[in-house]
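Trainee: I keep reading labels like "perpendicular" or "exposed" and wondering where they come from. Can we go through one model and check the labels against their cut-offs?

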Amino acid sequence: MTPLEFYQALEQAGFELNQVQKQQFDIYFKTLVEWNKKMNLTAITEENDVYLKHFYDSIAPILQSYIPNQDIHILDIGAGAGFPSIPMKIIYPQLEVTIIDSLNKRILFLEHLAEELHLDKVHFYHGRAEDFGQDKSFRSQFDIVTARAVARMQILSELTIPFLKIGGKLIALKAQAVDQELSDAEKALKLLFSQVIENHHYTLPNDDSRYITIVEKKKETPRKYPRKAGLPAKSPLT
């Protein structure tokens, strides 16, 4: 997908980007490639692939109408090089975005990127989701939590649900069918007072399959979750 094809696809979907937004995506691509020479941010560096597999893929929750054009606060867990939240921020500038990542050099990249793109209302924190999930200034503070290819739902739910307000939603972007994941996660979701409300399949312009799973937080998360760093992955809730 060339940049022009990317813009045309968005226009057909009802999103006509202005020159500032187009320039932001161009700067994003060039900054990503430049920093990737010094650190491992992504294995995908060809321009057409970045626009399809990173940029277009990241904005799927907007294209599929799961994220409104409103002043809402989104937390992105394990965003790596900023996916999916930074491309969504470019499309909807009024979104407030917070990113937590366990690797400090990725946070340094994101801070530099935000300056290059002149983004406001973006916040970056280095650390583990399990630790921030027990912090009162983060816990139950977000309207939406996004996660793209971070972990299986049985683990992901414990890492993300505590951050949501009651009625808030986890939007999980997956490259593979999640039926078995959701079956394995039934107990975890119940313990966390959350529920799958939608599991949506769609395709990228190149016909690659993708899935968006929406989980809604129904009640306040029990204080013991998330457990200490490393435990959710080593011993998933069953």
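Mentor: Sure. Start with a cut-off: an angle of 65 to 115 degrees between two axes counts as roughly perpendicular. Keep in mind that this is a predicted model.

Trainee: So why are helix 2 and helix 3 called roughly perpendicular to each other?

Mentor: The axes of helix 2 and helix 3 (residues 47-58) cross at roughly 110 degrees. The window is 65 to 115 degrees, and therefore the pair counts as roughly perpendicular. The two axes come within 11 Å.

Trainee: Which residues in helix 2 and helix 3 meet?

Mentor: From helix 2 you have Phe25, Asp26, Tyr28, Phe29 and Leu32, and they meet Glu47, Val50, Tyr51, His54 and Phe55 in helix 3. By class, that contact has 7 nonpolar, 1 polar and 2 charged residues. Tyr counts as nonpolar here, while Asp and Glu count as charged.

Trainee: What makes Gly14 exposed or buried?

Mentor: Its relative accessible area is 59%. Exposed means over 50%, so Gly14 is exposed. Gly14 sits in the loop between helix 1 (3-12) and helix 2 (19-36). Its C-alpha atom is separated by 8.8 Å from that of Leu63, 49 residues apart along the chain.

Trainee: And why is Lys121 called partly exposed?

Mentor: Lys121 has a relative accessible area of 31%. Buried is under 20% and exposed is over 50%, so a value in between is partly exposed. You'll find Lys121 in the loop between helix 6 (104-117) and strand 3 (122-126). Its phi is near 55 degrees, a positive value in a residue other than glycine.

Trainee: Where does Phe193 lie, and what is its phi?

Mentor: Phe193 is in the loop between helix 10 (186-191) and strand 6 (194-203), and its phi is near 55 degrees, again positive in a residue other than glycine. With a relative accessible area of 31%, Phe193 is partly exposed.

Trainee: Now the sheet. How do you know which strands stand at the edges?

Mentor: Read the order of the open sheet of 7 strands: 3-2-1-4-5-7-6, with mixed pairing. Strand 3 and strand 6 each have a single partner strand, so one side of each has no neighbour in the sheet, and that puts them at the edges. The twist averages 20 degrees from one strand to the next.

Trainee: How do you know that strand 5 pairs with strand 4 and with strand 7?

Mentor: Pairing takes at least two bridges. Strand 4 (residues 142-148) and strand 5 (residues 164-174) run parallel and are joined by 6 bridges. One bridge partnership there is Phe142 with Leu164. Strand 5 and strand 7 (residues 209-217) run antiparallel, also with 6 bridges, and Lys169 has Glu216 as its bridge partner in strand 7. Both counts meet the cut-off of at least two, so both pairs qualify.

Trainee: What do strand 4, helix 8 and strand 5 make together?

Mentor: They make a right-handed β-α-β unit, with helix 8 covering residues 153-160.

Trainee: One more: what makes a peptide bond cis worth pointing out here, and where are they?

Mentor: I can tell you where. The bond from Phe83 to Pro84 is cis, with omega near 10 degrees, and Pro84 lies in the loop between strand 1 (73-77) and helix 5 (85-91). The bond from Tyr225 to Pro226 is cis too, with omega near 0 degrees.

Key
Residues numbered from 1 in each chain as written. Predicted model: local features only at pLDDT ≥ 70, side-chain atom pairs only at ≥ 80, totals over all residues. Heavy atoms only, no water. Helix = DSSP H or I, 4+ residues; strand = E, 2+ residues; numbered from the N terminus. Right-handed = clockwise from strand over helix to strand, strands pointing away. Buried < 20%, exposed > 50% of the residue type's maximum accessible area, 1.4 Å probe, protein only. Axes fitted to C-alpha atoms, helices over the stretch in contact; angles between N-to-C directions. Parallel < 35°, antiparallel > 145°, perpendicular 65-115°, else oblique. Contact = heavy atoms within 4.5 Å.
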